[in-house]
Amino acid sequence: DLLPTLRSELSAVKGGFDLGLRRDLCIGSHPYDVAFAPNSQTLAVSSFFPNDAGYIEIRLIDIRSGVVSRTLNVTAHHEWEKNADGRRDAAWSIAFDSHQRYVVAGTRSGKVIVWDLHLSQSSPLHEWTHIDSPKKHDSGKHLRVSRCGFDEQHRLWTENDGAVAVWDPDQEWKLVEQHTGFMTRPTTGA
């Protein structure tokens, strides 16, 4: 098989890195967002659709083996789905904190969900609704938490349609800052 050799030679010519053979992860699922853990050994993959049991899943995959090491669940917001023009709830954004203790997801229905990876449970540690978006429509279509991450002070930030909120895990996930009118992503640190 010449493919690995050709790939390595092409990488050498271009001055890049040989990433090796491609491996498929989450076959048969419908991933929406992905996030690498700070140690680069775990990949979090969010589901685009709730599963048959009505849960939105975040799968944590061991990069080396390709095996799902843990599945985190949150109940899809079925009331929101009834008013969302046929749209289904989904995890639109996911992130790890820099200490790899928390995984956070932002959903299409406007929920912010936090799991503590130091606990063995697959249900969320905390769950709340993002601050109201200035562009919110009656149908709920624009409630989505489209981005999330952690800043240099290890605080969680979430964004939905230009409304940015900052939450402090050291204060039991208290809302500590709120801004509207932003259209760009806050810095997330190194």
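Start your tour by selecting Trp 128: this residue is buried, with a relative accessible area of 16%. Keep in mind that you're looking at a predicted model. Anything under 20% counts as buried, so 16% puts Trp 128 in that group.

**Stop 1: the tryptophans**

Leave Trp 128 selected and add Trp 167. Is Trp 167 buried or exposed? With a relative accessibility of 5%, Trp 167 is buried. Now look at the two rings together. Two numbers describe a pair of aromatic rings: how far apart the centres are and the angle between the planes. For Trp 128 and Trp 167 the centres are 4.9 Å apart and the planes stand at 55 degrees, so this pair is tilted. Follow the chain from one to the other and you'll see that the pair links distant parts: Trp 128 belongs to strand E8 (residues 126-129), Trp 167 to strand E11 (residues 163-168), and they are 39 residues apart.

Next, add Trp 173, which is buried too, with a relative accessible area of 6%. How far apart are the ring centres of Trp 128 and Trp 173? They are 6.1 Å apart, and the planes are at 35 degrees, so this pair is also tilted. Trp 173 sits in the loop between E11 and strand E12 (174-179), 45 residues from Trp 128 in strand E8, so again distant parts of the chain are linked.

One more click: add Tyr 102. Ring pairs join Tyr 102, Trp 128, Trp 167 and Trp 173 into a cluster. In total, the structure has three aromatic pairs.

**Stop 2: the sheet with E11 in it**

You've already met E11, so now select its neighbours as well. An open sheet of four strands runs in the order E9-E10-E11-E12, and the pairing is antiparallel. Which strands stand at the edges? Strand E9 (147-150) and E12 do; each has a single partner strand, so one side of each has no neighbour in the sheet. Ignoring direction, neighbouring strands here are turned by 20 degrees against each other on average.

Zoom in on the middle of that order. Strand E10 (residues 156-160) and E11 run antiparallel and are joined by five bridges. To find one spot where they face each other, select Asn 160, which stands opposite Ala 163 in E11. As a bit of background, strands of a sheet pair through backbone hydrogen bonds, in either a parallel or an antiparallel way.

**Stop 3: charged partners**

Time to hunt for salt bridges; the count comes to six. Begin with Arg 101 and Asp 116, whose closest N and O atoms are 2.8 Å apart. Arg 101 lies in the loop between strand E5 (91-96) and strand E6 (102-107), while Asp 116 is in strand E7 (residues 111-116), 15 residues apart. The two partners have different surroundings: Arg 101 is partly exposed at 31% relative accessible area, whereas Asp 116 is buried at 5%.

Now select Glu 127 and Lys 111, which meet in a salt bridge with an N to O distance of 3.2 Å. Glu 127 lies in strand E8 and Lys 111 in strand E7, so this pair ties together parts that are 16 residues apart in sequence. Glu 127 is partly exposed, with 40% relative accessible area, and Lys 111 is buried at 10%.

Then move on to Asp 151 and Arg 155, where the salt bridge has an N to O distance of 3.0 Å. Asp 151 is buried at 13% relative accessible area, and so is Arg 155, at 16%. Add Glu 177 to the selection: Asp 151, Arg 155 and Glu 177 are linked in a network of salt bridges.

**Stop 4: a hairpin**

Jump back along the chain to strand E3 (residues 55-62) and strand E4 (residues 68-75), an antiparallel pair joined by seven bridges. Pick Tyr 55 and look for its bridge partner in E4, which is Thr 75. The hairpin of E3 and E4 has five residues between the strands, and Gly 66 there takes a positive phi near 80 degrees.

**Last stop: zoom out**

Show the whole protein. You'll find two helices and twelve strands, in the pattern α-β-β-β-β-α-β-β-β-β-β-β-β-β along the sequence. Of the 190 residues, 42% are buried. Switch on the surface to finish: the protein exposes about 10900 Å², with carbon and sulfur atoms supplying 50% of it.

Note on methods
Residues numbered from 1 in each chain as written. Predicted model: local features only at pLDDT ≥ 70, side-chain atom pairs only at ≥ 80, totals over all residues. Heavy atoms only, no water. Phe/Tyr/Trp six-rings, centres within 6.5 Å; stacked < 30°, edge-to-face > 60°. Buried < 20%, exposed > 50% of the residue type's maximum accessible area, 1.4 Å probe, protein only. Pairing = 2+ DSSP bridges. Axes fitted to C-alpha atoms, helices over the stretch in contact; angles between N-to-C directions. Salt bridge = Lys/Arg side-chain N within 4 Å of Asp/Glu carboxyl O. Areas by Shrake-Rupley, 256 points an atom, 1.4 Å probe, with all protein chains shown as cover.
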